[in-house]
Amino acid sequence: MKASEIRSKFLSFFETKGHTVVKSSSLIPHDDPTLLFTNAGMNQFKRCFLGEEKRAYVRAASSQKCMRAGGKHNDLENVGYTARHHTFFEMLGNFSFGDYFKEEAVAFAWEFLVGRMGLPQDKLFATIHEGDAAMGLGPDEEARRCWLRHLPDERILTFPTKDNFWAMGDTGPCGPCSEILIDQGEAMGCGRPDCRPGCDCDRYLELWNLVFMEFNRREDGALEPLPKPSIDTGMGLERLAAVIQKVPSNYDTDLFTPMMAAIGEMSGHAYGEDPEKDVSFRVIADHGRAAAFLIGDGVLPSNEGRGYVLRRVIRRALRHGRFLGLDRPFLHQVAVAVMHAMQDAYPELMESRNYITRVILHEEERFSETLDHGLKLLQNEMARLQDEGARVVPGELIFKLYDTYGFPIDIVTDMARKLHFQVDEEGFAERMQKQREQSRKHWKGSGERELSEAYRKLSADEVRSAFLGYDQLEAESRVA
Ligand code: ATP
Ligand code: MG
Ligand code: MG
Ligand code: MG
């Protein structure tokens with residue numbers, strides 16, 4: 001079953017259960033300064049949960065574009081190394097605004113996964129919140145009772161707040177949750193003797209999170225009850241597709257084959273040929289997808305806020321391109337493959353094709369030379385450190401690479417990981433802070449304004465609407 005079919009089957013299943021299908025909102029959250037990017041399906045319904053907004057429906061379902069790089073949920077550095085994490089992904093979700101609660105949410109999820117998608121029941125686990133004295137919450141026995149209708153007691157596991165209490169951000173709607181995991185078998189695991197559900201490896205894959213929305217976390221940290229208990233669920237489309245298509249990773253699903261083929265063709269390597277190169281294939285495919293969607297939603301590369309996250313993903317992809325021998329601009333071509341892979345559900349990407357590819361190409365050309373110089377410096381310095389027996393990349397060097405060569409820190413982190421080095425993140429942060437203070441004293445204009453002008457000129461007419469709100473973004477806090 002193709003991913004696009006899974007997406008539409010999910011939505012139509014919930015439609016038959018009385019849900020209104022709602023279009024994905026933008027990756028740029030509207031009217032929510034607490035959020036860097038849309039990071040879950042519930043974001044666009046935040047005010048419905050809080051009781052501040054009434055809609056014509058109390059049940060909704062969506063397939064939501066999400067971005068988890070920067071902000072509270074940050075998966076940037078997982079990408080490449082796990083089978084299940086992306087920066088950009090789609091979250092399938094069903095929602096109840098004060099209508100049904102735990103029992104129906106559990107029953108719907110079970111019926112969809114087992115009844116409709118045919119997942120093997122004996123491989124599924126459910127987790128519930130074990131309670132939290134500091135929050136005044138006991139174990140979620142109500143959720144356990146709901147699951148006992150479908151699962152034996154030994155496959156219902158209690159997990160702590162860290163895993164089973166979901167919050168959108170530091171403030172806003174939140175609540176205990178219950179997750180569905182699937183055992184993908186030993187071959188997918190880390191092989192450690194203590195590998196069991198909750199392990200950080202890919203064996204017990206977290207598929208679906210059912211959040212029992214009961215609280216609003218205020219700025220002072222206090223939890224206040226929501227007007228009515230509600231349901232918010234989220235399941236990664238890519239993960240479900242991997243399970244249904246019986247492939248070992250999200251990156252082997254049909255959602256990614258066009259990008260893997262394009263990268264293979266340009267580099268002369270093949271995905272699956274060499275585990276180290278596969279990391280780079282995954283990073284490039286993921287980041288190319290994220291870049292295409294972010295630009296399509298109106299983000300432009302810059303040194304601050306959302307634009308800096310976009311710049312980071314583009315630059316990280318370029319550095320992984322070098323590792324595959326791609327030393328000429330290539331990422332804009334990966335973005336074209338993304339448009340082909342996603343055109344059923346997101347035809348607007350293809351409509352902005354020229355604009356998106358030109359923004360990426362421009363960024364590729366700008367960074368190309370400094371990337372090579374910076375990489376050379378980094379390699380030489382690391383070789384020198386290695387000779388000296390040192391195993392840490394110093395903060396000062398990370399800063400120099402950032403400041404002179406435009407290297408986001410994750411490029412250094414990736415290199416360090418490969419050569420088993422640590423990175424002095426603290427030293428880097430201190431150095432950054434010092435520079436910020438200095439530049440505040442001697443501010444003469446950052447050049448950012450001229451840069452965004454250049455992007456504006458790239459294609460003033462192609463996507464006028466995409467620039468709405470861009471000026472606000474420039475004022476946002478740094479995420480370096
Ligand atoms: P994980 O523990 O695997 O990082 P999570 O607990 O952070 O996932 P949730 O916040 O519960 O994820 O999000 C709901 C669902 O969205 C997850 O169960 C998973 O299917 C999917 N999901 C979350 N993060 C990612 C990601 N980075 N890439 C792809 N899918 C994701
Ligand atoms: Mg996570
Ligand atoms: Mg989790
Ligand atoms: Mg989760």
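## Report on strand β4 and its surroundings

In strand β5, Thr158 is the bridge partner of Ile128. The model described here is a predicted one, in which local features need pLDDT of at least 70 and side-chain atom pairs count only at pLDDT 80 or more, while totals for chains, interfaces and linings use all residues. Residues are numbered from 1 along each chain as its sequence is written, and chains are lettered from A and ligands numbered from 1 in the order in which they are written.

Strands and helices are DSSP runs numbered from the N terminus, with at least two residues (E) for a strand and at least four (H or I) for a helix. Two strands pair if DSSP finds at least two bridges between them.

### Strand β4 and its partners

Strand β4 covers residues 124–129, and β5 covers residues 156–159. The two strands run parallel and are joined by four bridges. Between them the chain passes through helix α4 (residues 141–148), giving a right-handed β-α-β crossover; with the strands pointing away from the viewer, the path from the first strand over the helix to the second runs clockwise. Strand β4 is also joined by four bridges to β7 (residues 172–183), and this pair runs antiparallel. Within that pair, Phe125 has Leu181 of β7 as its bridge partner.

A residue counts as buried if 20 or more other C-beta atoms lie within 10 Å of its own, as exposed if 12 or fewer do, and as partly exposed in between, with C-beta atoms placed from the backbone. By this criterion six of the six residues of β4 are buried. In a regular strand the side chains alternate between the two faces of the sheet. In β4 both faces are covered, with Leu124, Ala126 and Ile128 buried on one side and Phe125, Thr127 and His129 buried on the other.

### Strands β7, β8 and β9

Strand β7 is joined to β8 by 10 bridges, and these two strands run antiparallel. Asp183 stands opposite Tyr204 in β8. Strand β8 (residues 204–217) has 11 of its 14 residues buried, so it is largely enclosed by the rest of the structure. Its antiparallel pairing with β9 (residues 223–236) extends over nine bridges, among them one that matches Trp208 with Met235 in β9. Five residues lie between β8 and β9 in a hairpin, and Gly221 in the turn has a positive phi of about 90°.

### Helices α3 and α10

The expected span of a helix is 1.5 Å times one less than its number of residues. The table sets this value beside the separation of the end C-alpha atoms.

| Helix | Residues | Expected span | End C-alpha separation |
|---|---|---|---|
| α3 | 102–116 (15 residues) | 21 Å | 20 Å |
| α10 | 331–342 (12 residues) | 16 Å | 17 Å |

In α3, the buried residues include Lys102, Phe108, Trp110 and Phe112. The buried residues of this helix pack against α1, β3 (88–96), α4, β7, β8 and β9. Glu104 also belongs to α3, but with 16 C-beta neighbours inside 10 Å it counts as partly exposed. Its C-alpha atom lies 9.5 Å from that of Ile231, 127 residues away in sequence. After α3 comes Gly118, whose phi is positive, near 70°.

Helix α10 is mostly covered, as 10 of its 12 residues are buried; among them are Leu331, His332, Met339 and Met342. The cover of these buried residues includes α7 (257–267), α8 (275–296), α9 (305–323), α11 (347–351) and α12 (353–387).

### Arg316

Arg316 lies in helix α9. This residue is buried, because 27 other C-beta atoms lie within 10 Å. Two residues are in contact if their C-beta atoms, placed from the backbone, lie within 7 Å. Leaving aside neighbours within four places in sequence, Arg316 is in contact with Val283, His287, Pro408, Asp410 and Ile411. The C-alpha atoms of Arg316 and Ile284 are separated by 8.1 Å, and these residues are 32 residues apart along the chain.

### Domain arrangement

The chain is divided into domain 1 (3–244) and domain 2 (256–471), with bounds that come from an automatic or database domain assignment. Taken over C-alpha atoms, the domain centres are 30 Å apart. The contact takes 19 residues from domain 1 and 20 residues from domain 2. On the domain 1 side, α1 (3–16) and β2 (59–67) are the elements that give two or more residues. The residues of this side divide into 10 nonpolar, six polar and three charged. Here Ala, Val, Leu, Ile, Met, Phe, Trp, Tyr, Cys and Pro count as nonpolar, Asp, Glu, Lys and Arg as charged, and the others, Gly among them, as polar.
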